[in-house]
Every structure is written in C-alpha cells, then in structure tokens.
Amino acid sequence: MHTLRFRLLSSLIALTVLIVPPAQAQDELGDALNSIGQQYADGYTQPVTDALGADLNAGLFRTAEVGGEGIIPGIDVYIGVAGMGALTSGSAESFRLSDEVIETESGRRLRIEYPNTDLPTAFGENESPGSADVIDEQTGVPVDEVPLPASLIDTPIAPLAVPQIGAGTVFGTDAQVRFLPETSISDYGSVSLFGLSVRHSISQYIPLSPVELAVQGTWQSLSLSGSDDGPNPGEIVDASGWALNAQVSKSIPVAPITFYGGLQYEQFGVDVGYTFQTPDGSTSTVSLDQDASNSVRALAGVSVTLAVVQLNVDYALASNNTVSAGVGIAL
C-alpha cells in the first residue's frame, strides 16, 4: 500500500534534533512525520517551534552594566556558552483538525480525512489516534490509508546550548555575537546559526543612579539544509527572530554577585519548504510557516564572578517559561 510520504522531512526533523537527543529523534521523528499532510505537520510540530524560539531568545545578557564585566574598567570581552531550557508544561499536547485537501503537480486533488478526535503533538505522551483515509476528490474512491503518529517525547524541558562572544565598549555600547558554523546533523543535513546583539547603557545618562540600566536589540538567524545526497539538498528551513529588552541590575559591593532582570519583547518565526510524494507517484510542493508563541517575557537572575570566570542563571516568565544558565570568561 502506498502512503502519503514527505520527500523532505529533514527540515522538521532537524528542528527537533536541536532539542531532543539525536538518537531518539532519528529513530522516531522521521517515522512520525513520514505520512502526514501539511496541516497535520503544522499542528504536530508547533510546540517544537515554540520551544526553539523560547530557547534562542533566552540568555542574551547577564548584567545591565555595560563595560564593567571584565577585569579592565571600561573594556569588556566575554567568551562563553549559554544553555537554555524551555519548559514544555505550557506547550499544547493535542490539536484538532478537519479534512485536508492537497493538489498534486499533475492536478489530482486528494482529500485526507482525519479522525474526529484530539490529535497528538510532538511533545506529550499521547498514543497514535489511528489512521487517516486518503480519498480521490473527483471520484470519491479511497486510494490510501495513512497511519498517524503518536507524540514523540514527553519531556519537561527542551534544552539548547549556543556559544557567544561579547565585546565593548564604545560610547557606552557593546555587542554580542552568537555563531555556530555549518554543522552536520547525522544524515539529515546541516545547521548553522548567527546572532547579533547590540546593547547601550542608559544609566550613564543618570548621575548617581543606584542601579545599572541598559537597552538591547538582538537579531538571530538559523538555517537548516538538506544533505547533499538527499532528495532536497540546499536550504530548506529559514528561522529568524528578534528581541528588544530593557535591563536592570544591581551589584553587591562586598561580594562578586550581581542581581539582574529585564522585560523583553520578541518574535521568532520558522519557514519550511519541502516536497512529498503522493500515492500516484506525483509530487507536491509545500511551504510551512510558523510563529513561536512567546512575544513578551519578564526575567530575573543572578550572576557570580570568580576571578575571570563568570556564572549566571535566570528564569523567564512567558508563554513558554524558560530557564537559562551561562558560563564564560570575562576579560
């Protein structure tokens, strides 16, 4: 029996590889997504996009003091790694979906009839809802039966780690770069990441300010490409987002401790393009656009500096609450 099969699922698989142990993603997510349509894939993977956006927009600062992190006053160089974890308790574990109609490149229209029940997302512990029927729209004749996936993983947190380098200051302004060179993800393709943050001190304009104040803007882009020997080589996922935040911090004079917090407005979106093969052997091109659920977050944290080593941890309240921790060298 033919099945409605994605020719290119490495895009959606790779998104989950970033936040799920690779062995599990390779063994399970590919099978889960191999036989579902665009609308089903949209609902099934939305929590993955939510978690990825929540993670990437976390860990952007450790203090509101600009030019004061290092051992040389006014000069700030930071090299470290930020680890983030989006809490999945706020993620949807199911969704509802009506029938879905697709059109092949040959002009044939096929209707996918999903069960009238709650359908599982990638995050959760829900079992498969059964199968969906594929019907020829013109003749009304069933042409296929599609097995539907169960939830991929039931995890309380979706982790991610990224390297980052910061330097400053110029007129009370510093910059931070996140960079991950193109890195292979098993047989699914490769992933690359670039992010730039620019921060400006506000407290420098307020004489005798009891706290440090700053504002920061961030832009990040993540790209996923199919493997060269796969059915769809080249870029298949374009994910990007931005964040604007206001920061405040207070250092304890008698201890190397800084308390910090902030309010952040953010956006993160994922664009996916892929093709799949229909039961009659035709192909159909699909574009899938998703926006992460987080738009505003409030966070609070603490940073400790021991000689040149700086440690920090914070917690953010948002649609997807996030915990972030970092370790680095401040010079």
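**Sheets, cores and salt bridges in a predicted model**

In this predicted model, four strands line up as an open sheet in the order β4-β5-β7-β8, and their pairing is antiparallel. The edges belong to β4 (100-103) and β8 (142-147); each has a single partner strand, so one side of each goes without a neighbour in the sheet. From one strand to the next, the twist averages 25 degrees. At the β8 edge, five bridges hold that strand to β7 (residues 131-136), the two running antiparallel. One of the pairings there puts Ser-131 together with Pro-147, its bridge partner in β8.

Strands β5 and β7 also turn up in the interior. The largest nonpolar core has 22 residues, and the members that touch the most others are Tyr-40, Tyr-114 and Phe-123. Two or more residues each come from α3 (38-56), β5 (109-113) and β7, with α3 supplying the largest share, five residues. A second core, separate from this one, counts 18 residues, among them Met-84, Leu-224, Val-237 and Val-272. Leu-224 sits in strand β12 (residues 212-226). Its relative accessibility is just 1%, so Leu-224 counts as buried, the cut-off being under 20%. Ser-184 is 40 residues away from Leu-224 in sequence, yet the two C-alpha atoms are 9.7 Å apart in space.

Turning to charged pairs, a search of the whole structure picks up five salt bridges. One of them pairs Asp-118 with Arg-96, with 3.0 Å between the closest N and O atoms. Asp-118 is in the loop between β5 and β6 (119-120), while Arg-96 is in the loop between β3 (94-95) and β4, so this contact ties together parts that are 22 residues apart in sequence. Asp-118 counts as partly exposed, at 43% relative accessibility, and Arg-96 as exposed, at 52%.

Another salt bridge brings Arg-111 and Glu-137 together, the closest N and O atoms being 2.3 Å apart. This one links distant parts of the chain, since Arg-111 belongs to strand β5 and Glu-137 to the loop between β7 and β8, 26 residues apart. Glu-137 is partly exposed, with 30% relative accessibility. A third example is the salt bridge between the side chains of Arg-297 and Glu-266, at 2.6 Å from N to O. Again distant parts of the chain are linked: Arg-297 is in strand β16 and Glu-266 in strand β14, 31 residues apart. Here both partners, Arg-297 and Glu-266, are buried. Shared partners also join Arg-111, Glu-113 and Glu-137 into one salt-bridge network.

Strand β16 (residues 296-306) has its own antiparallel partner, β17 (residues 309-317), and nine bridges join the two. Within this pair, Val-304 stands opposite Leu-311 of β17. The hairpin leaves two residues between the strands, and Ala-307 takes a positive phi near 60 degrees.

On the outside, a nonpolar surface patch covers about 950 Å²; its members include Phe-179, Phe-194, Trp-219, Trp-242, Tyr-265 and Val-296. The elements giving two or more residues to the patch are β11 (189-201), β13 (234-251) and β14 (257-277). Strand β11 makes the largest contribution, three residues. Phe-194 is found in this strand, β11, and is partly exposed, with a relative accessible area of 35%.

Notes
Residues are numbered from 1 along each chain as its sequence is written. This is a predicted model: local features need pLDDT of at least 70, side-chain atom pairs count only at pLDDT 80 or more; totals for chains, interfaces and linings use all residues. Side-chain values use heavy atoms; hydrogens and water are left out. Patches are made of residues with over 30% relative accessible area and no salt bridge: like charges are joined within 9 Å, nonpolar side chains (Val, Leu, Ile, Met, Phe, Trp, Tyr) within 5 Å. Accessible areas come from the Shrake-Rupley method with a 1.4 Å probe; for residues, only the protein chains shown count as cover. A salt bridge is a side-chain nitrogen of Lys or Arg within 4 Å of a carboxyl oxygen of Asp or Glu. Buried means under 20% relative accessible area, exposed over 50%, partly exposed in between (1.4 Å probe, protein chains only). Two strands pair if DSSP finds at least two bridges between them. Axes are lines fitted to C-alpha atoms, for helices over the stretch in contact, and angles run from 0 to 180 degrees between N-to-C directions. A nonpolar core is a set of buried Ala, Val, Leu, Ile, Met, Phe, Trp, Tyr and Cys residues joined through side-chain atoms within 4.5 Å.
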